[in-house]
Every structure is written in C-alpha cells, then in structure tokens.
Amino acid sequence: MNKDTSHINSLENEAIYILREVAAQFEKPVLLFSGGKDSITLVRLAVKAFYPAKIPFPLMHIDTGHNFPETIEFRDKLVKELGLELIVRNVQDSIDEGKVKEESGRYASRNQLQTTTLLDAIEEFKFDACIGGARRDEEKARAKERIFSVRDDFGQWDEKNQRPELFDMLNGQINLGQNVRVFPISNWTELDVWSYIEQENIEIPSIYFAHKRKVFLRDGMIWSAEDEVVYRDDHEEVIEELVRFRTVGDMSCTAAVLSDATTISKVVAEIRESTISERGARIDDKRSEAAMEKRKQQGYF
Amino acid sequence: MEVIKIATAGSVDDGKSTLIGRILYDTKSLTTDKLEAIEKTSKQRGYDYLDFSLATDGLVAEREQGITIDVAHIYFSTAKKSYIIADTPGHVEYTRNMVTGASTSQASIILIDARKGVIEQTNRHFFINNLLRIKDVVVAINKMDLVDYSEDIYNKIKADFSELMSKRDYQDQKITFIPVSALKGDNVVNRSQRMPWYTGQSLLEHFEKLDKADIFNVGTPRFPVQYVIRPKTEDFHDFRGYAGKVYGGELSVGDDILVLPSKTRSKIKDIYFYDQKYQTASRRSSVTITLENDINVSRGDMIVKDGDLPTIDKEFTANVCWMDSKQLVPGAKYVVQHGINKVLGKVERINHKIHPDYSGIEKNVTELGVNDIASVTFKLNKPIFYDQFKNHRTNGSFILIDTQSNNTVGAGFIQ
C-alpha cells in the first residue's frame with residue numbers, strides 16, 4: 001500500500017491512530033456528534049479504524065433544538081445504517097430545569113447553552129473521553145488545543161497549563177472527575193475535510209450544497225428566514241437566494257453563503273478559492289476578540 | 001507528499017509571529033475576515049503597519065503581553081505542499097514547549113535578530129534542534145531592514161553561528177542561512193530586490209524544494225500493537241487483527257516476524273487498511289495486521305522483523321528534558337510511556353546535567369528543575385523494546401508521567 005503519497009492520507013492515518021488510542025486508553029469514550037461535516041468525517045474515520053469490528057463507543061448529540069431539520073434526518077439515517085448507538089441530550093431540558101436561561105434579542109443563540117447540557121451528560125454517563133471534530137485551523141484559540149485535552153470537574157480548559165504532547169505519544173491518564181476531550185482531526189483544515197469527503201464519497205446533509213432558500217441580510221451576512229428560531233426584525237426584508245451553509249451549528253448563529261456549488265467537487269473548488277474563513281459565518285465568534293477562548297475555559301466543546 | 005511540519009524558534013521580539021503572519025499573507029492564506037480583524041486591531045493600536053503577529057498569538061494573555069506562550073499550530077498550503085507551522089515560544093522558561101513543538105517537526109526555522117546577532121537563546125534553540133535531530137534547519141536572519149540590508153552583518157552572524165555548528169553532535173543536519181525582513185517581506189515568500197548580494201532562495205522556496213528524503217528518517221520497521229480487533233461477528237468469527245501504526249520502515253505480507261516480549265515467531269498473513277488488503281504497509285500507515293499463527297498478542301506488545309531486534313532491557317540511559325515545576329530526584333518513580341507502552345520506572349541516577357547553551361555539562365547534580373536537560377538512568381519494572389533515539393526517532397523516545405498528577409512531566413531520548 002502506498003498510502004503516504006498524499007497528505008490527506010497521512011492525516012487519515014494520524015486520526016485513525018488517535019481513535020484507536022482512545023478506545024485503548026479510556027473506559028467510557030463517546031463521540032460527540034453534531035450532524036456537521038466534521039463529525040460525519042469522524043464517524044467515517046472510526047468505521048475505518050476498527051473494521052471489521054463495530055465502533056466501540058456510542059455517539060452523543062447535544063441537541064440545541066435549533067438544528068437544521070436536514071441535519072437531524074441525516075443523523076438518524078446514519079446511525080441506523082451503521083448500527084451505532086446514539087445518545088441525545090437536549091438543551092431544552094436544561095432550560096426547563098432552570099439550569100440555563102434562554103438568551104433573548106436579535107443575537108440570541110443556544111450555542112453557549114450547550115455547555116451545561118454537555119457537562120451534565122458527561123456526568124450522567126461517566127464519560128471519560130469525548131471525541132470531537134474541532135480543528136486547529138478553525139480559530140486561533142483552537143490553534144493551541146492539544147489532541148488529548150484534559151478538562152477538570154467543571155469541564156474547564158486550563159489553557160496555560162496544558163500537557164505537552166510529544167511525538168505520537170498521547171497521555172490519557174486522568175484523575176477522578178477529570179475527562180479528556182479528544183480531537184482526532186486537529187491537524188486538518190476545512191479544505192482537507194472537504195477533500196476527504198470527496199475522496200471517500202461520504203454522504204453529507206443537503207444544506208451543505210447550494211439550494212434556494214428564503215433569507216434576509218443582516219450585518220453583511222445571510223440568515224435563513226425559513227426557520228423561526230432565527231430572530232428577524234420586521235424591517236429585515238426576506239429574499240430568495242441560492243445559498244449553502246459552510247458550517248451547520250445552531251441555526252440561530254449560522255449564516256449562509258451565496259453559492260452555486262451543488263456537488264462535492266464544486267464545493268471543494270469553491271473553498272479553494274474562498275477568501276472568507278469558515279468561522280467568518282459564525283456570529284458567536286464575532287462577539288469579541290477572545291470569544292472562543294472564553295467559551296472554552298467554561299467547558300464549551 | 002506528506003504534510004511537512006516546521007517548528008519555529010526565536011527569542012522575544014525576534015519577530016517570529018510576524019514572520020509567520022508574513023508567510024500567510026504572501027501566500028494569500030489569510031482570509032479577508034482575518035485580515036480585516038488584523039487591520040482593525042493594528043489601527044486601534046496606532047501602528048502604521050499591519051501587525052501580522054495578531055494572526056497567530058491566540059490567547060488573551062499573549063495578546064496582552066505581546067508574546068507567545070504556548071505552541072500554536074498554523075496551517076497553509078501551496079500548490080506543491082501542505083505545511084503545519086508549530087509556533088513555539090522562545091523564552092528560557094518555555095524550553096519545554098520548544099521541545100514539544102520540535103518533537104513532531106521535520107524542519108525548523110531559527111530566527112536571529114540581525115541587530116543582536118547570535119545570543120544565548122540562539123544556542124539553546126540550536127541545541128534543541130540538535131537534541132531532537134531535526135533534519136533541515138533554516139537560520140533566518142531577520143530584521144535586515146533595520147541594519148540597512150547589510151551583507152557584512154549577515155556574514156558576521158553566519159560566521160558566529162558556524163562556530164556553534166562545530167559543537168553539535170548531529171552532524172548530518174542540513175543548515176541553510178537566509179537573510180529576511182518579516183516586516184517588509186524580503187526573502188520570506190518572495191525574493192528580495194533589496195539584497196542583491198544574496199543569491200539564494202527565499203524561505204518558502206527552500207521548503208518547497210525539500211524532498212521527502214531530506215526530512216524523513218527511514219530505518220527499521222517497528223509495529224507497536226495498539227489495539228486488538230476481535231469483531232466476534234458471524235462473518236469474522238475467528239478474526240484477530242492487530243491494529244497499529246508502522247514506524248521506521250515497511251512491513252509486507254509473508255514477512256517473518258517476532259512478537260515481543262515473548263519472541264514468538266510468526267509470519268504476516270494479511271495487511272488490512274479498512275476493508276482492503278494490501279501487500280505492504282508503508283511507514284506511518286495505521287493498518288491492521290493478521291498473523292499466520294494463533295498466538296497471544298496484546299496492547300503494548302511489538303511486532304518486529306525476525307533478525308531485526310531492538311534492545312530489550314529493564315534499564316536505559318536517556319537525555320531527559322524535565323518539564324514540571326516539581327523536581328525530578330533520584331529514586332522517584334514515574335510512568336514511562338514508550339510509544340503506546342506504559343511501564344513503571346525509577347530514576348536510578350542523574351548522570352549529569354547538560355547546559356543547553358553548549359557551555360558543557362555539570363556533574364554531581366541532585367535534582368532537575370523545569371526546563372533542565374540531563375542524562376538520566378532509569379530502571380523499569382518490565383523490559384521495554386527500544387532503539388537508540390539517533391537510530392529511531394519514535395522507538396527511541398518516551399515521556400514521563402507523574403503517578404499522582406498524571407501530568408506529562410518529562411520527555412526522554414534514549415542513548
């Protein structure tokens with residue numbers, strides 16, 4: 001096998017190695033699944049890592065209740081096809097229990113509220129490792145994240161006291177109450193993920209491809225007008241455009257981009273040419289220069 | 001081509017982050033929104049130039065102090081190659097981060113401020129590059145704009161640095177000198193018009209032309225068994241696959257192998273990557289291997305070619321880079337993680353401390369503090385299967401884990 005000829009394959013080999021380390025070093029790992037392309041890629045990598053055995057850990061979705069319906073349909077289909085175990089925990093429940101308060105106003109989002117639901121679920125199931133699809137190229141605080149990132153009892157990230165990671169060696173030893181966030185595709189870029197999806201012919205939710213959608217413009221960004229969870233002022237005019245989504249987070253904080261990319265190869269070509277970063281369409285990162293770092297310290301994924 | 005990882009080292013204010021920002025800018029890797037954020041902040045601070053360091057210094061404390069305090073990973077690609085830059089801090093107290101960044105890199109950039117020349121920090125950076133046996137090193141003499149692009153100054157620094165080179169023990173390392181101005185963009189991505197006396201390549205051109213053989217070490221194949229795959233399904237009832245990553249060389253179907261530590265002989269039956277069978281498993285591929293005989297193999301065991309044995313021993317001596325504020329003392333016990341294998345180890349003795357500025361060694365040392373580098377002898381509760389670091393980067397290195405805090409407290413390179 002001549003697997004080291006392309007850099008995508010060397011990233012794939014690295015991710016498979018990391019996933020196997022998780023299965024070997026932890027008692028109760030879980031793969032955090034959002035329905036987005038990064039977590040779909042993770043599932044594909046996990047299938048490859050453990051073949052012909054099944055993936056030896058469940059998937060967990062922290063559902064904000066504000067997901068694109070296409071994503072949920074896709075999630076359920078994928079889980080069924082692969083015969084995986086799926087755990088769903090809802091942000092709505094955390095709100096109903098009074099643990100978190102719904103944000104209000106035009107920039108209201110449930111993105112930040114996910115943290116509480118996630119930490120509660122980790123405690124409920126006693127997960128010691130949570131595998132996530134975060135990438136270092138997404139955002140500059142994430143650029144400093146480790147592959148095995150230790151969190152304390154409160155799920156907090158102590159960015160100044162991170163374990164050094166040398167060579168390929170991953171230290172998964174933790175104390176009682178701690179858990180580890182694992183990022184197997186840390187070293188992938190957005191383009192790498194798309195190239196891999198193309199190479200492997202991985203199915204992804206339809207909202208990643210160009211489609212006609214009722215939208216409105218705000219702050220130079222395009223918002224979906226088809227979903228009532230996205231706050232819209234009456235004066236904000238609804239128009240129909242050909243758009244696609246580059247990330248599929250909480251609908252309330254994920255903007256669309258104008259696009260005519262209807263196939264994976266067109267999407268890859270579009271990203272190659274793009275001059276806007278992926279998170280440029282995520283309003284939650286624009287709240288302040290250090291928005292991501294602050295959220296991560298509090299236990300955000 | 002594999003991804004090339006480049007570690008950067010430089011002292012405070014040598015302009016490391018600016019250099020990386022410049023590379024990103026000139027290769028058009030900075031997206032409009034990131035560029036806008038840099039423009040906005042640069043303007044707010046009253047700079048009359050774009051502060052590219054804002055692109056990489058990701059943590060609040062760093063932006064406040066204007067320094068880099070942790071390893072940041074930066075990604076960019078050209079039509080030819082994909083690059084990862086490990087931007088590591090250059091302060092004395094961050095030696096551990098430098099070692100960390102260099103451990104996964106195949107090439108490195110050492111930055112020197114043209115106004116200051118070779119300083120004590122430069123010695124340290126070069127020492128670490130040597131200790132970790134980085135194959136390709138570029139010495140970028142930066143801030144040439146502030147010394148009138150002087151050839152004399154460049155030559156003087158080159159001569160001073162060459163003196164250091166005579167002291168290194170890894171003589172095969174390739175070293176290239178390039179005069180640059182990160183701020184003005186001279187010889188970073190594009191060749192400079194302002195230094196006609198320099199006829200060499202720009203920094204990026206240098207990396208673009210690197211061949212795989214220039215940067216990757218190839219040696220003896222080692223296959224540490226990471227995970228045993230037993231599906232126990234109808235289709236794969238008797239399947240016993242050994243999952244792991246191949247290090248150092250290749251393994252092929254039919255190879256006569258030994259399983260360590262039992263030294264049981266067998267042959268490689270199949271090599272799987274997902275559902276495909278392959279004849280050969282190449283270096284650094286994560287494959288699943290099946291053997292001809294039904295023998296007992298578990299995680300931590302190692303599959304090697306018959307006749308190509310590593311050292312199997314319960315004792316070894318290594319150069320250790322200590323990374324914890326709690327001292328290392330003789331008699332202390334740590335978990336030694338060698339690749340994926342974990343054993344318990346005891347510090348038998350500290351042989352001597354090595355001054356990372358090439359000023360020699362220090363004997364009769366009773367403890368190691370954070371960022372110290374020393375030769376240490378360990379005794380283990382079980383034998384490990386190692387090669388010398390100089391012959392095998394992966395199988396000759398290990399980390400030390402504190403048995404109480406579970407933190408990674410040191411890294412070692414077996415002698």
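**Exercise 1. Determine how far apart the centres of domain 1 and domain 3 of chain B lie, and describe the contact between these domains.**

Solution. Step 1: the centres of domain 1 of chain B and domain 3 of chain B, taken over C-alpha atoms, are separated by 30 Å. The model is predicted, and local features need pLDDT of at least 70, side-chain atom pairs count only at pLDDT 80 or more, and totals for chains, interfaces and linings use all residues. Residues are numbered from 1 along each chain as its sequence is written, while chains are lettered from A and ligands numbered from 1 in the order in which they are written.

Step 2: chain B is divided into domain 1 (4-215), domain 2 (222-305) and domain 3 (311-414), with bounds from an automatic or database domain assignment.

Step 3: domain 1 of chain B brings 15 residues to the contact and domain 3 of chain B brings 11 residues; two residues are in contact if their C-beta atoms, placed from the backbone, lie within 7 Å.

Step 4: on the side of domain 1 of chain B that touches domain 3 of chain B, helix 4 (95-103) and helix 5 (120-131) of chain B are the elements that give two or more residues. Helices (H or I, at least four residues) and strands (E, at least two) are DSSP runs, numbered from the N terminus. Helix 5 of chain B gives the most to this side, with 6 residues.

Step 5: this side of domain 1 of chain B has 6 nonpolar, 3 polar and 6 charged residues. Ala, Val, Leu, Ile, Met, Phe, Trp, Tyr, Cys and Pro count as nonpolar, Asp, Glu, Lys and Arg as charged, and the others, Gly among them, as polar.

**Exercise 2. State the strand order of the open sheet of 6 strands in chain B, and place helix 5 of chain B against the sheet.**

Solution. Step 1: the order is 2-3-1-4-5-6, with mixed pairing; two strands pair if DSSP finds at least two bridges between them.

Step 2: strand 2 (72-77) and strand 6 (174-179) of chain B are at the edges with a single partner strand each, so one side of each has no neighbour in the sheet.

Step 3: strand 1 (residues 4-9) and strand 3 (residues 82-87) of chain B run parallel and are joined by 5 bridges. The bridge partner of I4(B) in strand 3 of chain B is Y83(B).

Step 4: helix 5 of chain B packs on the sheet, where it touches strand 1, strand 4 (107-113) and strand 5 (136-142) of chain B. The direction of helix 5 of chain B makes about 170° with that of strand 4 of chain B. Axes are lines fitted to C-alpha atoms, for helices over the stretch in contact, and angles run from 0 to 180 degrees between N-to-C directions.

**Exercise 3. Classify the packing of helix 1 on helix 2 of chain A, and locate these helices in the contact with chain B.**

Solution. Step 1: helix 1 of chain A and helix 2 of chain A pack at about 75°, with axes 9 Å apart. Helix 1 of chain A is therefore roughly perpendicular to helix 2 of chain A. Angles under 35 degrees count as roughly parallel, over 145 as roughly antiparallel, 65 to 115 as roughly perpendicular and the rest as oblique.

Step 2: E12(A), A15(A), I16(A), L19(A) and R20(A) of helix 1 of chain A meet L45(A), A46(A), K48(A) and A49(A) of helix 2 of chain A.

Step 3: the contact between the chains takes 47 residues from chain A and 58 residues from chain B. Helix 1 (7-25) and helix 2 (37-50) of chain A each supply at least two residues of the chain A side, and the largest share, 10 residues, comes from helix 1 of chain A.
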